[in-house]
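Student: Before I use a model like this one, I would like to learn how to read its features one at a time. Could you take me through them?

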Amino acid sequence: MTGLKIKALLPLLLCLCNIFAQNNVTLSGTITDADSNETLIGVNIIVPELQTGTTTNEYGFYSITLPEGTYKIQISYLGYTTITENMALSENKIMNYRLEENTETLEEIVIKQDVEKLNIKKPQMSVNALSISTIKQMPVVLGEVDVIKSIILLPGVTNAGEGSSGFNVRGGAADQNLILLDEATIFNSSHLFGFFSVFNPDAIKDIKLYKGGIPAKYGGRVSSVLDIYQKDGNSNSFHMNGGIGIVSSRLLAEGPIKKGKGSFLFGGRSSYAHLFLPLFDIDNIAYFYDLNTKLSYRLNEDNSIYLSGYFGRDVFNISDTFENTYGNTVLNFRWNHLFSDKLFSNMSLIYSDYYYGLNLNFVEFDWDSGIQNFNFKYDLKHYVNNNFKLEYGLNSIYYKFNPGDIKPSTPTSGINEFKLIDKYAFENALYIDAEHQINNTLALSYGLRLSSFLRLGQNELNMYENDNPLIFNDALQVYEKAEPIGTETYDRSDVIASFFNFEPRVSLAYQVNDNSSVKASYNRMTQYLHLLSNTTSPTPLDVWTPSGKYVKPQLLDQVALGYFKTFKDNQFSLEVESFYKTIENRIDYVDGADLIANNAIEQVILNGKARAYGLEVLFRKNEGKFKGWLAYTLSKSEQQTEGRTSEETGINNGQWYSTAYDKTHDISLTGSYELNKKWTFNSNFLFQTGQPTTFPNGQYVYNGITIPNYESRNSSRLPSYHRLDLSATYNPNPEKTKGWQGEWVFGIYNVYNRRNAASISFGENRNTGTNEATRLAIFGIIPSVSYNFKF
């Protein structure tokens, strides 16, 4: 028996001898879709003999260094046919692969065991990825596919409820999420005040959400990074696809500029429900539209250029007396350059703009506000060897903030033109990140980001006695605005305030066995921009402001610990993570703070701190006719703003209180069942603890006026939120792969008609004279049907 064991180990021993005896060579190239020539992100390149491998980067490039020899190379990607070939490597080699779309086979399931072993080894944690095909299957309100609503089904991610914009990650605020579309910052991710997201699913290629262990190349926010990449477009042939729904439709066209080398992509989406409102004698209007575009061209084997853009607008009109227009505009030029088979670079020039406008015809004035930035990025990825990779680069962003510009809309308007003072800033960063495979069981990722922020000169800046814009009235026990003692004027090149911060990042993975590992991470991050909002979710009217003389940057420290395991050849997987994070200098608002058209915001804010901690569980069924996951989060999110002196009360008497996005329990269950090739059924169930709120607990009468008295901040909660959604997808011709292809999607949102409370307000009943509570619910049960097509 012993002799047989030795004989069985001989091939492995010979392979190990070859590793130490021979020189290393590099295998590199690009992996694309065979039909569209679209580059594929995250494709696995596996060498089973060495139990090693790598994945393609954001532009489909890979590089792996191996000892000279002959190996089996496996190229695998979910939804594509796996390529397996034997390859003799005696010198550096460039191999570009084209993968064919296919359904999974038994062989691919075997391959996935090797892939999952690599994922278990990687130190990366607290990252969730969703494929567009998965997102499109999820039941959603009014049948409109929604990227943002889909990620809320993941552990650690919530929002403020139906009709709310943005999302919250691990107890953080919505403005603490960095949202990137082709590397450009999106400042408002919602259409129609949160009912839909700004992302056209037909134009999206890849989505990743980083909740912790965030790589050093990302910065500027302290809660999460949502990194979204658009498709490049089909460089082989012309195709169109789209969808027709109850409230909106979309259409996307893509094709070659020059076959095999260049491509274009144009996508449009618009809602049209407002066109039917006049039939019901409703003269209000609410609609959105957006445009996605991308041009890609491969100059040669070492150089590719990309030009991508997004333009979106929302229009909300009430009886021609009030019109609200807002939206994002981004434009990005990128140049990929390959210095060698081990050094890949990307340079980006990015413009991003968020605009908000109001036309108030009934008072005859217009309001414009927004934020612009110009961004230069240069990133390099260095594949030093198979056990050590480096990423490093720099980032510079110039900001212009327009808090508000008021102009009379008619010659007879009684409104005088008024301009809130524009603000300017310059944010810079250098970073380096290393991924280091120490041995077969231990892998590290460690990096450092050095960030700086310069608040640049502006026309006027208030001066206060002792630099204190907010004073405390001891007699009344309230905060009051300090009177400015003068103003300072600066040139644009002057620096009003400067900040420098070191942001270390480190994560590790210890492989317990082939199917399980323990991971841990720590990261420090800095946020220099602040969203001025005292609502539970962002609104278009909220204004961004930079750190400066009176507003400090937010500083995050987060640690996470996790356990990861796969079962039954990766048919099931389990991820369990715990986290704890603290944030310094979190803005808090004094009671009664007025944030709209405020030229001296420093007079109504205090710097506080926040903390969040919790446990996340994600259990997946990855294969078979029934797939899905169960996500559960147990967490706590709190904020504290103490008085600056022992005499001051601070906010909420200096006590910790629940943030508006604290959800103790968050459960989501998502399932997909393929009945046959024609019918697929999907379901979501969500349960969340009701969001914190502040209710009145009494009242008193002063000079004949009834004045409510309120309890401690956020000490009550709305009722728990829960709902069940169902959908069915019908493909009448599943075997058809060319020409016109279509499918019907039938959905029911909120099947049992739960009237989830968006808010509870209190007032006096004029008929009875008694106080009463009014519960506002936005959605009940909503059926939908949509038709998707491609050709």
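Tutor: We shall go through sheets, hairpins, single residues and cavities in turn, keeping in mind that this is a predicted model.

Student: Let me begin with sheets: in what order do the five strands of the open sheet lie, and which are the edge strands?

Tutor: The order of strands in a sheet is read from which strand pairs with which, and here the five strands of an open sheet follow the order β9-β16-β17-β12-β13, with mixed pairing. The edges are β9, residues 127-129, and β13, residues 184-185, each of which pairs on one side only.

Student: How many bridges join β16 to β17, and in which sense do these strands run?

Tutor: A pair of strands is described by its direction and its bridges: β16, residues 204-210, and β17, residues 224-230, run antiparallel and are joined by six bridges. To fix the register, take one bridge as a reference, such as the one that makes tyrosine 229 in β17 the partner of aspartate 206.

Student: Staying in that strand, is serine 224 buried or exposed?

Tutor: Burial is read from relative accessible area, with under 20% as the cut-off for buried. Serine 224, which lies in β17, has a relative accessible area of 1% and is therefore buried.

Student: What does the side chain of serine 224 make a polar contact with?

Tutor: The partner is the side chain of asparagine 177, at 2.7 Å. Beyond sequence neighbours up to four places away, serine 224 touches a set of residues that includes Phe167, Val169, Leu178, Leu209 and Ile214, and asparagine 177 appears in that set as well.

Student: Turning to hairpins, how many residues lie between β21 and β22?

Tutor: A hairpin is read from its two strands and the residues between them, and β21 and β22 form one with two residues between them. β21 is joined to β22, residues 303-318, by 15 bridges in the antiparallel sense, and one of the partnerships is that of asparagine 300 with asparagine 303 in β22. β21, residues 285-300, is also joined to β20, residues 262-271, by nine bridges, again antiparallel, with arginine 269 partnered by aspartate 290 in β21.

Student: And which residue takes a positive phi in the hairpin of β31 and β32?

Tutor: That residue is glutamine 477, with a phi near 60°, in a hairpin that has four residues between its strands. β31, residues 470-473, and β32, residues 478-481, pair antiparallel over four bridges, and leucine 470 has lysine 481 as its bridge partner in β32.

Student: How exposed is threonine 293, and what does it touch?

Tutor: An intermediate value deserves its own class, since partly exposed covers what lies between under 20% and over 50%. Threonine 293, found in strand β21, has 26% relative accessibility and so counts as partly exposed. Setting aside residues up to four places away in sequence, threonine 293 touches Gln230, Leu265, Phe266, Leu307, Ser308 and Gly309, and its side chain reaches the backbone oxygen of leucine 265 at 3.4 Å.

Student: Is threonine 545 buried or exposed, by comparison?

Tutor: Threonine 545, in strand β37 (residues 543-546), counts as buried because its relative accessibility is 5%. The residues that threonine 545 touches, not counting those up to four places away in sequence, are Phe401, Lys423, Tyr528, Leu529, His530 and Leu532.

Student: How should I read a loop residue, and where is glycine 143?

Tutor: One can look at what surrounds a loop residue in space as well as along the chain. Glycine 143 sits in the loop between α3 and α4, and its C-alpha atom is 7.8 Å from that of phenylalanine 746, which is 603 residues apart along the chain. Apart from neighbours within four places in sequence, glycine 143 is in contact with Ser784 and Ser786.

Student: Finally, how many cavities of 30 Å³ or more are there, and what lines the largest cavity?

Tutor: Cavities are read by count, volume and lining, and the count here is 12 of 30 Å³ or more. The largest cavity holds about 450 Å³ of space, and of its 33 lining residues the closest to the centre are Leu180, Lys217, Tyr218, Lys377 and Asp379. β25 gives the most to this lining, with six residues, and the elements supplying at least two each include β12, β17 and β28. By class, the lining has 12 nonpolar, 10 polar and 11 charged residues.

Conventions:
Residues numbered from 1 in each chain as written. Predicted model: local features only at pLDDT ≥ 70, side-chain atom pairs only at ≥ 80, totals over all residues. Heavy atoms only, no water. Pairing = 2+ DSSP bridges. Buried < 20%, exposed > 50% of the residue type's maximum accessible area, 1.4 Å probe, protein only. Polar contact = N/O pair within 3.5 Å; in protein donor to acceptor, adjacent residues only side chain to side chain. Contact = heavy atoms within 4.5 Å. 1 Å grid on protein atoms, 1.4 Å probe; cavity = no way out; pocket = protein on both sides within 12 Å on 5 of 7 lines; lining within 4 Å. Points joined across faces, edges and corners; volume = space filled by probe spheres on them. Nonpolar A, V, L, I, M, F, W, Y, C, P; charged D, E, K, R; others polar.
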